[in-house]
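I opened this notebook to keep a careful record of what I looked up, one topic at a time. What can be read from a structure when the sequence and the coordinates lie side by side?

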Amino acid sequence: PEVCVVGLGYIGLPTAAIVARAGCRVRGVDVSREVVETINRGEIHIEEADLDGLVHNVVSRGLLTASTRIEPADVFVIAVPTPFDKNHAPDLTYVMEAGRAVAPVLKPGDTVILESTSPVGTTEQLRDLMAEARPDLRFPGLVSDTPDVSIAYCPERVLPGRILEELAGNDRSIGGITPRCARRALAFYKLFVKGACVTTDSRAAEMTKLVENAYRDVNIAFANELSIIADRMGLDVWEVIRLANRHPRVNILTPGPGVGGHCIAVDPWFIVHGAPEETPLIRTARGVNDSKIHHVIARADALLAAHPEAQVACLGLAFKANIDDFRESPARLVASTLTRRYADRISIVEPFISELPVEYRDTPVGLIDIDTALERCEILIVLVDHDLFRSIPLTERLGKIVYDTRGIWPDQPKAVDASSARLSAV
Ligand code: SAJ
């Protein structure tokens with residue numbers, strides 16, 4: 001089939017590239033002219049393992065082309081952002097705009113698949129919008145006879161940093177507006193997915209995606225709450241978790257400076273918004289994870305105030321290890337808050353950038369490499385568990401005052417004075 005992927009971001013571009021590798025002719029569509037030009041040169045605008053080689057390959061073989069215009073195809077995959085507004089209500093503007101743009105080129109036999117994380121009922125709303133735009137076509141769920149087009153929801157569930165591997169390897173839930181729609185979408189995913197493809201209806205598939213990320217958020221909240229409790233009690237949370245996880249049915253996740261990224265910190269709100277009275281646990285977990293950032297800021301602030309002469313290195317700005325993605329990053333918020341208070345003695349180490357973000361423009365804060373930080377700084381604040389930081393041996397950290405919010409250096413001796421001894425246990 002000819003495939004059109006709408007939205008060439010972290011999900012759309014890798015999907016377009018993998019579908020093209022499977023031998024389909026793919027047109028990728030994006031509103032950004034710059035993104036389109038970059039891809040048509042065989043280059044990429046995001047950092048993701050092995051994606052550059054793959055895109056270069058499929059573009060040079062003519063299998064993938066990018067454009068700002070949607071044109072007729074057999075399968076449309078919509079992978080645009082679904083942010084939330086200031087009241088945590090889902091903002092479906094981009095999804096509906098994509099539907100509005102696809103509708104005019106639809107023809108009988110086409111399949112439209114929504115992949116964007118969406119609140120329950122969105123796929124049906126998308127169907128309604130397209131049905132209104134195209135009264136000449138029969139849409140699924142609205143007619144008793146065979147519809148002209150198929151519409152399905154199939155959420156991505158790939159992990160940034162492992163996108164290509166997981167796009168092909170992970171199982172997929174494929175939710176059709178009708179079972180026939182699900183079968184049509186299934187035939188498409190079978191072209192490039194090696195994992196199991198399980199069919200269901202669109203509402204169940206929408207909820208499944210939200211539930212996966214809410215599950216993760218709730219479990220990280222448990223770990224983060226434990227870290228605050230352990231700090232209060234003067235315990236080493238990493239040791240407690242390591243010991244508890246030896247139980248065959250216990251698997252506590254890893255505390256950190258908070259939950260970042262554009263998925264886990266966002267998707268639980270879509271469930272809360274859909275059932276406000278029935279979601280005390282999910283809502284509280286969000287609150288715990290958000291407040292962990294402020295706990296870390298307060299602890300770091302106390303440490304810096306207790307050592308007024310010390311040079312400080314903040315290690316990492318990304319929202320998690322080994323990626324260049326800074327969206328909703330707790331590390332970035334911690335570092336910029338500390339910068340507002342202690343700009344003259346803070347430096348940042350972030351191997352995934354060559355220039356500090358805008359908030360540092362009028363500050364004396366510098367971006368330094370890890371060797372310079374180890375030479376120059378007495379205080380190290382670990383905010384991201386990049387492999388580069390994890391690999392620093394104890395011999396190079398001896399004598400440093402360390403606040404390790406990610407638990408990457410379990411062998412670090414506790415600092416001598418009371419305030420930092422408690423800190424190193426956080
Ligand atoms: N984090 C912790 N402790 C942990 C695990 C994660 O503090 O034990 C933090 C990370 O540092 C990061 C945030 O949580 O700030 C989220 O990181 P993540 O690696 O758990 O997840 P994401 O946001 O990169 O990707 C998630 C994945 N969902 C699940 O694992 C259920 C991925 O499979 C989804 O496709 C993705 O969201 C998405 O797009 O929805």
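The entries below go from the confidence of the model to its domains, its ligand, its cores and a few single residues.

**Entry 1: confidence**

I began by noting that this is a predicted model, and I looked up its scores before anything else. The average pLDDT of the protein is 95, and 97% of the residues score at least 70. I then looked for a weak stretch and found that the pLDDT is below 50 over residues 416-422, although this stretch still has 11 contacts in the model beyond near neighbours in sequence. For the model I wrote down an ipTM of 0.97 and a pTM of 0.92.

**Entry 2: domains**

I next looked up the domain assignment of the protein, which gives domain 1 (2-202) and domain 2 (237-423). Between the C-alpha centres of domain 1 and domain 2 I noted a distance of 35 Å. I also looked up how they touch, and I found 10 residues of domain 1 in contact with 13 residues of domain 2. On the side of domain 1 that touches domain 2, the classes are 6 nonpolar, 3 polar and 1 charged residues.

**Entry 3: the ligand**

Which residues come nearest to the ligand? I found 20 residues around the ligand, and among these Leu253, Gly256, Gly260, Gly261 and Cys263 come nearest. When I sorted the shell by class, I had 9 nonpolar, 6 polar and 5 charged residues. I also checked where the shell comes from, and domain 1 (2-202) and domain 2 (237-423) each supply at least three residues to it.

**Entry 4: the cores**

How many residues does the largest nonpolar core have? I recorded 59 residues for this core, and the ones with the most contacts inside it are Val5, Val6, Phe76, Ile78, Ile113 and Ala152. Helix H1, which covers residues 12-21, gives the most to this core, with 6 residues. I followed Val5 further and, leaving aside its neighbours within four places in sequence, I found it in contact with Gly12, Thr15, Ala16, Val26, Gly28, Val29, Val77 and Ala79. There is also a second, separate core of 36 residues, which includes Val334, Ala335, Val382 and Ile401.

**Entry 5: helix H10 and the loop before it**

I looked at helix H10 (residues 267-274) and found it mostly covered, since 6 of its 8 residues are buried. The buried residues in H10 are Asp267, Pro268, Trp269, Phe270, Ile271 and Val272. I checked what they pack against, and the buried residues of H10 meet helix H8 (202-233) and helix H11 (280-306). Val266 is found in the loop between helix H9 (237-244) and H10. Is Val266 buried or exposed? I counted Val266 as buried because 23 other C-beta atoms lie within 10 Å, and the cut-off for buried is 20 or more. I also noted that Val266 and Asp217, 49 residues apart in sequence, are 9.7 Å apart in space, C-alpha to C-alpha.

**Entry 6: two residues with positive phi**

I looked up Asp50, which has a positive phi of about 65 degrees although it is not a glycine. Asp50 is found in the loop between helix H2 (33-40) and helix H3 (51-60), and it counts as partly exposed because it has 13 C-beta neighbours inside 10 Å. His88 likewise has a positive phi of about 65 degrees and is not a glycine. The loop that holds His88 runs between strand S4 (75-78) and helix H4 (93-102), and with 15 C-beta neighbours inside 10 Å, His88 counts as partly exposed.

**Entry 7: Trp409 and Gln125**

Where is Trp409 placed? I found Trp409 in the loop between strand S13 (401-404) and helix H15 (418-423). Trp409 counts as buried because it has 20 C-beta neighbours inside 10 Å, and buried begins at 20. Not counting residues up to four places away in sequence, Trp409 touches Arg397, Val402 and Asp404. The C-alpha atoms of Trp409 and Cys154 are separated by 39 Å, and these residues are 255 residues apart along the chain.

My last look-up was Gln125, which lies in helix H5 (residues 122-133). Gln125 is partly exposed, with 16 other C-beta atoms within 10 Å. From Gln125 to Phe319, 194 residues apart along the chain, the C-alpha atoms are separated by 32 Å.

Terms used
Residues numbered from 1 in each chain as written. Predicted model: local features only at pLDDT ≥ 70, side-chain atom pairs only at ≥ 80, totals over all residues. Near = placed C-beta within 6 Å. Nonpolar A, V, L, I, M, F, W, Y, C, P; charged D, E, K, R; others polar. Domains from an automatic or database assignment. Contact = placed C-beta atoms within 7 Å. Core = buried A, V, L, I, M, F, W, Y, C linked by C-beta atoms within 7 Å. Buried ≥ 20, exposed ≤ 12 C-beta atoms within 10 Å, placed from the backbone. Helix = DSSP H or I, 4+ residues; strand = E, 2+ residues; numbered from the N terminus. pLDDT = per-residue confidence, 0-100.
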